[in-house]
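Biologist: Before I use this model at the bench, I would like to go through a few of its residues. Please give the reasoning with each reply.

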Amino acid sequence: MNRILVPTDFSDHAENALKVAAMIAKKYNAEIYLLHMMEIPMRQTDQGQTESIIPETLFFMNLARKKFETLMAQDYLKDITVHETVKEDITFNEIKDSCLEFNIDLIIMGSHGASGLKDMFIGSNAEKVVRSSEVPVLVIKNEHLDFKISNFVFASDFKYDNKDTYRQAVKFAKAFGSKIHLLLVITSNDFMTSYEAQSRIKDFISGQSFENYTINIHNDYTIEQGILNVSKDIDADLIGISTHGRQGIAHFFNGSISEDLVNHANRPVITFKI
């Protein structure tokens, strides 16, 4: 884990993500690429005249520069190599392109999602980034004074196309010294016996040398409810899920969000693209 991309709009949520990125960067001697995207007109052209930079552009560029300076002066970034990058358009392909340009290993970003895992992503900037990202995306909702991952819930359907995401999750778990809690949530819409579920998971992880894991079969009304309930019982530090790229995070979820799960979505979530 050498290079971390942190998209920022200079909000508190973005700074929560940056603080986590700083903790990880210090632990693994990684570099941070701090990315700000601005949707502003860059030039105006009058008929018969050459292009010129408009005053509003200079204003927003200077404002961004000042905000970067304020961030860079924070104690938690001391002794960390931080690269400041400004893109001139708010398109989420900019983040994907930046990952390729800077050879990024991990994206860390903040989310203000109000309720449940689904609202943390669906229709949000986080969901757009997850959908386009080829690298893992770690979504942070709250401030973390000490970012540690002892218990890592990896929720999956444990079908063959998730094999690579599991390898990524194992790599992440090894880096943080985490125990992985493999979780298969069974709903009435996709029922299987406990024996079938156990067999599917064991077949799925066969050939992997990673031994620090538990197997969890859980029945619930929806996949999301199951993930949140088990994560609460385990007191998980992180929830990991697979995504299907173009279909985004919505592909993972079924059903509605129960109101009593609102506060349980405060845990960080990491996504791995299939």
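Modeller: A definition comes before the rest: buried means under 20% relative accessible area, and exposed means over 50%. Note also that this is a predicted model.

Biologist: Is Thr 165 buried or exposed?

Modeller: Thr 165 is part of helix H6, which covers residues 163-176. The cut-off for buried is under 20% relative accessible area. Thr 165 has a relative accessible area of 0%, so Thr 165 is buried.

Biologist: Which residues are in contact with Thr 165, leaving aside its neighbours within four places in sequence?

Modeller: Contact here means heavy atoms within 4.5 Å. With the neighbours within four places in sequence left aside, the residues in contact with Thr 165 are Phe 154, Ser 242, Phe 272, Lys 273 and Ile 274.

Biologist: On which side of helix H3 do Glu 94, Ile 95, Ser 98, Cys 99 and Phe 102 lie, the same or opposite?

Modeller: These five belong to H3, residues 93-102, and are buried. They cover an arc of only 145° around the axis, so they lie on the same side of H3.

Biologist: Which residue follows H3?

Modeller: The residue after H3 has a positive phi, near 55°. That residue is Asn 103.

Biologist: How many Å apart are the end C-alpha atoms of helix H1?

Modeller: H1 runs over residues 12-28, which is 17 residues. At 1.5 Å a residue, the expected span is 24 Å. The model agrees with this, since the end C-alpha atoms of H1 are apart by 24 Å.

Biologist: Is Asn 29, in the loop between H1 and strand S2, buried or exposed?

Modeller: Asn 29 follows H1, and its phi is positive, near 55°, in a residue other than glycine. The cut-off for exposed is over 50%. With a relative accessible area of 71%, Asn 29 is therefore exposed.

Biologist: Phe 10 also has a positive phi; is Phe 10 buried or exposed?

Modeller: Phi of Phe 10 is near 70°, and the residue sits in the loop between strand S1 and H1. Its relative accessible area is 19%. The limit is under 20%, so Phe 10 counts as buried.

Biologist: What is the accessible area of the nonpolar patch on the surface formed by Phe 59, Phe 60 and Leu 63?

Modeller: Phe 59 is in helix H2, residues 55-72. Phe 59 is exposed, because its relative accessible area is 52%. Together with Phe 60 and Leu 63, Phe 59 forms a patch with an accessible area of about 270 Å².

Methods. Residues are numbered from 1 along each chain as its sequence is written. This is a predicted model: local features need pLDDT of at least 70, side-chain atom pairs count only at pLDDT 80 or more; totals for chains, interfaces and linings use all residues. Side-chain values use heavy atoms; hydrogens and water are left out. Buried means under 20% relative accessible area, exposed over 50%, partly exposed in between (1.4 Å probe, protein chains only). Helices (H or I, at least four residues) and strands (E, at least two) are DSSP runs, numbered from the N terminus. The arc is that of the directions from the helix axis to the C-beta atoms. The expected span of a helix is 1.5 Å times one less than its number of residues. Patches are made of residues with over 30% relative accessible area and no salt bridge: like charges are joined within 9 Å, nonpolar side chains (Val, Leu, Ile, Met, Phe, Trp, Tyr) within 5 Å. Accessible areas come from the Shrake-Rupley method with a 1.4 Å probe; for residues, only the protein chains shown count as cover. A salt bridge is a side-chain nitrogen of Lys or Arg within 4 Å of a carboxyl oxygen of Asp or Glu.
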